[in-house]
Amino acid sequence: MTLHILKHPVNPLALQILESTPAEESTVAVVLPPRGELPELRGVKIYRMIDPSFPDDGQSVSYSRLLEMIFKADKVVAW
């Protein structure tokens, strides 16, 4: 799995690269900061860091879960 961590919710270059990555190449997951819209990306699992002011939508991850994801990933890219 390749894990992409976006420090800013809207990063045009990161989103462009993620959209152009073939879905069958490998599993791709994206973790976004607590606030911001979840982009629609084909074949990509998208998560958001937990924010107490937002309701949990089932796609939120805690810092401990993020750490697990980092160690399980084959490759981590921070944007």
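Among contacts in the protein between residues at least 6 apart in sequence, what percentage join residues at least 24 apart? In this predicted model, the value is 46%. The protein has 79 residues, of which 32% are buried. Its exposed surface comes to about 5200 Å², with carbon and sulfur atoms supplying 57% of that area.

The secondary structure consists of 2 helices and 5 strands. Along the sequence these elements follow the pattern β-α-β-β-β-α-β. The strands form an open sheet in the order 4-3-2-1-5, and their pairing is parallel. Strand 4 (60–61) and strand 5 (75–78) are the edge strands, each pairing on one side only. Helix 2 (residues 63–72) packs on the sheet and touches strand 1 (2–5), strand 2 (28–32), strand 3, strand 4 and strand 5. The direction of helix 2 makes about 140° with that of strand 1.

The pairings within the sheet can be described in turn. Strand 1 and strand 2 are joined in the parallel sense over 4 bridges, and Leu3 has Ala29 of strand 2 as its bridge partner. Between strand 2 and strand 3 there are 5 bridges, again in the parallel sense. Here Leu32 is matched with Arg48, its bridge partner in strand 3. Strand 3 (residues 44–49) pairs with strand 4 over 2 bridges, in the parallel sense, and the bridge partner of Met49 in strand 4 is Val61.

Strand 2 is largely enclosed by the rest of the structure, because 5 of its 5 residues are buried. Val28, Val30 and Leu32 point one way from strand 2, whereas Ala29 and Val31 point the other way. Residues on both sides of strand 2 are buried.

The largest nonpolar core has 10 residues. Val28, Val30 and Leu32 belong to this core, together with Leu6, Ala14, Leu15, Leu18, Leu41, Val44 and Ile46. At least two residues of the core are supplied by each of helix 1, strand 2 and strand 3. Another core, of 9 residues, lies apart from the largest one and includes Leu3, Ile5, Leu66 and Ala73.

Leu6, a member of the largest core, has contacts with Ala14, Leu15, Val30 and Leu32 when neighbours within four places in sequence are left aside. Under that same exclusion, Leu6 is also in contact with Asn11, Val31, Pro33 and Trp79. Asn11 is located in the loop between strand 1 and helix 1 (12–20). The relative accessibility of Asn11 is 17%, so this residue counts as buried. With residues up to four places away in sequence not counted, Asn11 touches Leu6 and Trp79.

In strand 5, one residue examined was Val77. Val77 is partly exposed, at a relative accessible area of 22%. Its contacts, not counting residues up to four places away in sequence, are with Thr2, Leu3, His4 and Ile5. Val77 and Ala14 are 63 residues apart along the chain, and their C-alpha atoms are separated by 9.7 Å.

A search of the whole structure for salt bridges returned 1. Side chains of opposite charge can pair when their charged atoms come close. In the present model, Glu68 forms a salt bridge with Arg65, and the closest N and O atoms are 3.6 Å apart. The two residues are separated by about one helical turn, because Glu68 and Arg65 are 3 residues apart in helix 2. Glu68 counts as partly exposed, with a relative accessibility of 42%. Arg65 is likewise partly exposed, its relative accessible area being 34%.

Technical notes. Residues numbered from 1 in each chain as written. Predicted model: local features only at pLDDT ≥ 70, side-chain atom pairs only at ≥ 80, totals over all residues. Heavy atoms only, no water. Pairing = 2+ DSSP bridges. Contact = heavy atoms within 4.5 Å. Axes fitted to C-alpha atoms, helices over the stretch in contact; angles between N-to-C directions. Buried < 20%, exposed > 50% of the residue type's maximum accessible area, 1.4 Å probe, protein only. Salt bridge = Lys/Arg side-chain N within 4 Å of Asp/Glu carboxyl O. Core = buried A, V, L, I, M, F, W, Y, C linked by side-chain atoms within 4.5 Å. Areas by Shrake-Rupley, 256 points an atom, 1.4 Å probe, with all protein chains shown as cover.
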